[in-house]
Amino acid sequence: MPRISLPAQVLLIVAVIFVGNACACKKVTKPIKKLFANPKVTEVDGHTCYTKESIRIDQGMPAYTNNGMANDLSADACKKFCKDQGFKGKIVGVTPTECHCNKYMKYDGAREADKCSIRCRGNDQQFCGGLGYVSVYPA
């Protein structure tokens, strides 16, 4: 078996450490870059689910709480309300009792769709969030 000189062994060890660290850095920094590149969500394609803490209400735009109208709340009713209020954002958030006219959601608040499994009383084909979660739709 050929013998490797001491300088070659040192060089090999340094190369292994460097390559190993370079690979680890890529795995760590990639999600961080993605997080800072897009810290908020301003558009959605369809029904998505977020934590209630990730709601960002447009400044001066009231959240609609359907006092006495709980049976009518749906994503469509929320969209209509926001439009009637002059809302210019691209997303709305719906819980079983509230409609939020949102400009954006916190990027890290997205969750699996099954967390938003409560059907809307005003339209049982749509979801109105879940316990601690809000369903988000395009406005």
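Strand β8, which spans residues 133–138, is largely enclosed by the rest of the structure, because 5 of its 6 residues are buried. The model discussed here is a predicted one, and the description of β8 should be read in that light. Strand β2 (residues 48–51) pairs with β8 in the antiparallel sense over 4 bridges, and within this pairing Thr 48 has Val 136 as its bridge partner in β8. Strand β5 (residues 91–94) is likewise joined to β8 by 4 bridges, again with an antiparallel run, and here it is Gly 93 whose bridge partner in β8 is Val 136. Val 136 is thus the β8 partner named for Thr 48 and also for Gly 93.

From β5 the pairing continues to β6, the strand made of residues 98–106. The strands β5 and β6 run antiparallel and are joined by 4 bridges, and they form a hairpin that leaves 3 residues between them; one of the bridges links Val 92 to Cys 101 in β6. Strand β1 (residues 40–41) also runs antiparallel to β6, to which 2 bridges join it, with Lys 40 facing Lys 106 as its bridge partner in β6. The strand pairings described so far are collected below, each with a bridge partnership that belongs to it.

| Strand pair | Sense | Bridges | Bridge partners |
|---|---|---|---|
| β2 and β8 | antiparallel | 4 bridges | Thr 48 and Val 136 |
| β5 and β8 | antiparallel | 4 bridges | Gly 93 and Val 136 |
| β5 and β6 | antiparallel | 4 bridges | Val 92 and Cys 101 |
| β1 and β6 | antiparallel | 2 bridges | Lys 40 and Lys 106 |

Lys 40 takes part in a further arrangement through its side chain, since its charged end sits over the ring of Tyr 104, at 4.6 Å from the ring centre, a placement that satisfies the criterion of NZ within 6 Å of the centre and within 35 degrees of the ring normal. For pairs of aromatic rings, by contrast, the count comes to 0.

Within β6, His 100 is buried, because its relative accessible area is 6%, which lies under the 20% limit. The side chain of His 100 makes a polar contact with the side chain of Glu 98, at 3.0 Å.

Arg 111, which is found in strand β7 (residues 110–111), offers another case, for it counts as partly exposed at 36% relative accessibility. Its C-alpha lies 5.4 Å from that of Cys 49, although the two residues are 62 residues apart in sequence. When neighbours within four places in sequence are left aside, Arg 111 is in contact with Cys 49, Tyr 50, Thr 51 and Tyr 133. The side chain of Arg 111 also reaches the backbone oxygen of Asp 108, at 3.0 Å.

Turning to the protein chain as a whole, there are 2 helices and 8 strands, arranged along the sequence in the pattern α-β-β-β-β-α-β-β-β-β. Among contacts between residues at least 6 apart in sequence, 69% join residues that are at least 24 apart, and the contact of Arg 111 with Cys 49, at a separation of 62 residues, is an individual example of such a pairing. Buried residues make up 29% of the 139 residues in the chain, while its accessible surface comes to about 9400 Å², with 59% of that area belonging to carbon and sulfur atoms.

Key. Residues are numbered from 1 along each chain as its sequence is written. This is a predicted model: local features need pLDDT of at least 70, side-chain atom pairs count only at pLDDT 80 or more; totals for chains, interfaces and linings use all residues. Side-chain values use heavy atoms; hydrogens and water are left out. Rings of Phe, Tyr and Trp (its six-membered ring) pair if their centres lie within 6.5 Å; planes under 30 degrees apart count as stacked, over 60 as edge-to-face and the rest as tilted. Buried means under 20% relative accessible area, exposed over 50%, partly exposed in between (1.4 Å probe, protein chains only). Two strands pair if DSSP finds at least two bridges between them. Contact means heavy atoms within 4.5 Å. A polar contact is a pair of N or O atoms within 3.5 Å; within protein, one must be able to donate a hydrogen and the other to accept it, and residues adjacent in sequence count only if both atoms are side-chain atoms. Accessible areas come from the Shrake-Rupley method with a 1.4 Å probe; for residues, only the protein chains shown count as cover.
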